[in-house]
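Here is a friendly walk through one model. Have the sequence and the 3D view open as you read.

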Amino acid sequence: MTDRELIRAAFAAREKAYAPYSRFQVGAALLAKNGQVFTGCNIENAGYTPTNCAERTALFKAVSEGVTDFDTIAIVGSMAGKKNTLVTGPCGVCRQALYEFCGPSLRVIMAKGENDAVIRTLGELLPFGFGPQNLEI
Ligand code: THU
């Protein structure tokens with residue numbers, strides 16, 4: 001699975017976004033170390049607070065299927081019907097949720113197009129992250 005293929009999977013997942021309130025549609029594709037890809041979209045709620053981001057949808061799908069080791073996540077986001085002008089970085093909650101399973105080495109691809117992406121590690125996006133090691137697990 002190439003970065004380009006993973007970005008394409010994130011764009012496909014974005015098509016499923018349920019975002020009637022913000023109209024900001026996000027797709028994520030999470031590549032596990034075993035080669036499996038788990039995709040997710042954002043899922044909003046009339047109560048606003050229960051909204052789930054695309055990244056956590058993908059992560060929770062994977063963990064609930066017993067997969068917990070990850071290599072890379074690709075994220076794409078933009079307003080409905082528009083092309084993205086900025087890359088979409090994972091929100092703070094998603095950085096923390098990913099850190100639990102991925103630690104600092106996860107590659108995070110924030111893409112505007114298949115050939116237009118910013119790539120960082122989760123450690124760069126969440127320095128001094130708090131994780132299981134802090135609780136001596
Ligand atoms: N959102 C994501 O799904 N991922 C991000 O990284 C940023 C924000 C969603 C949450 C909400 O449905 C919408 O984008 C606007 O915040």
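Let's start inside: Val76 is buried, with a relative accessible area of 0%. Please keep in mind that this is a predicted model. Val76 sits in strand E3. Leaving aside residues up to four places away in sequence, Val76 touches Ile7, Ala10, Phe11 and Arg14. The same list of contacts goes on with Gln25, Val26, Gly27, Thr88 and Ala111. For a sense of distance, Val76 and Gln133 lie 57 residues apart in sequence and 30 Å apart in space, C-alpha to C-alpha.

Strand E3 also turns up in the surroundings of helix H2. This helix spans residues 54-64, and its buried residues are Ala54, Glu55, Arg56, Thr57, Ala58, Leu59 and Ala62. What do the buried residues of H2 pack against? Their partners are strand E1 (24-32), strand E2 (37-41), strand E3 (70-79) and helix H3 (92-102). Just after H2, Gly66 adopts a positive phi of about 90°.

Next come the side-chain pairs. The count of salt bridges comes to two. In one of them, the side chains of Asp3 and Arg107 meet at 2.8 Å, N to O. This pair links distant parts of the chain, with Asp3 in helix H1 and Arg107 in strand E4 (residues 107-113), 104 residues apart. Another salt bridge joins the side chains of Arg8 and Glu114 at 3.1 Å, N to O. Here too distant parts of the chain are linked: Arg8 belongs to helix H1, Glu114 to the loop between E4 and strand E5 (116-121), and they are 106 residues apart.

The count of aromatic pairs comes to one. Why is it classed as tilted? The ring centres of Tyr21 and Tyr48 are 5.6 Å apart and the planes meet at 40°, so the pair is tilted. Tyr21 lies in the loop between helix H1 (3-14) and E1, and Tyr48 in the loop between E2 and H2, 27 residues away.

How accessible are the residues in these pairs? The table sets out their values.

| Residue | Relative accessible area | Class |
|---|---|---|
| Asp3 | 29% | Asp3: partly exposed |
| Arg107 | 27% | Arg107: partly exposed |
| Arg8 | 44% | Arg8: partly exposed |
| Glu114 | 33% | Glu114: partly exposed |
| Tyr21 | 39% | Tyr21: partly exposed |
| Tyr48 | 56% | Tyr48: exposed |

Within the aromatic pair, then, Tyr21 is partly exposed, whereas Tyr48 counts as exposed.

Conventions: Residues are numbered from 1 along each chain as its sequence is written. This is a predicted model: local features need pLDDT of at least 70, side-chain atom pairs count only at pLDDT 80 or more; totals for chains, interfaces and linings use all residues. Side-chain values use heavy atoms; hydrogens and water are left out. Buried means under 20% relative accessible area, exposed over 50%, partly exposed in between (1.4 Å probe, protein chains only). Helices (H or I, at least four residues) and strands (E, at least two) are DSSP runs, numbered from the N terminus. Contact means heavy atoms within 4.5 Å. Rings of Phe, Tyr and Trp (its six-membered ring) pair if their centres lie within 6.5 Å; planes under 30 degrees apart count as stacked, over 60 as edge-to-face and the rest as tilted. A salt bridge is a side-chain nitrogen of Lys or Arg within 4 Å of a carboxyl oxygen of Asp or Glu.
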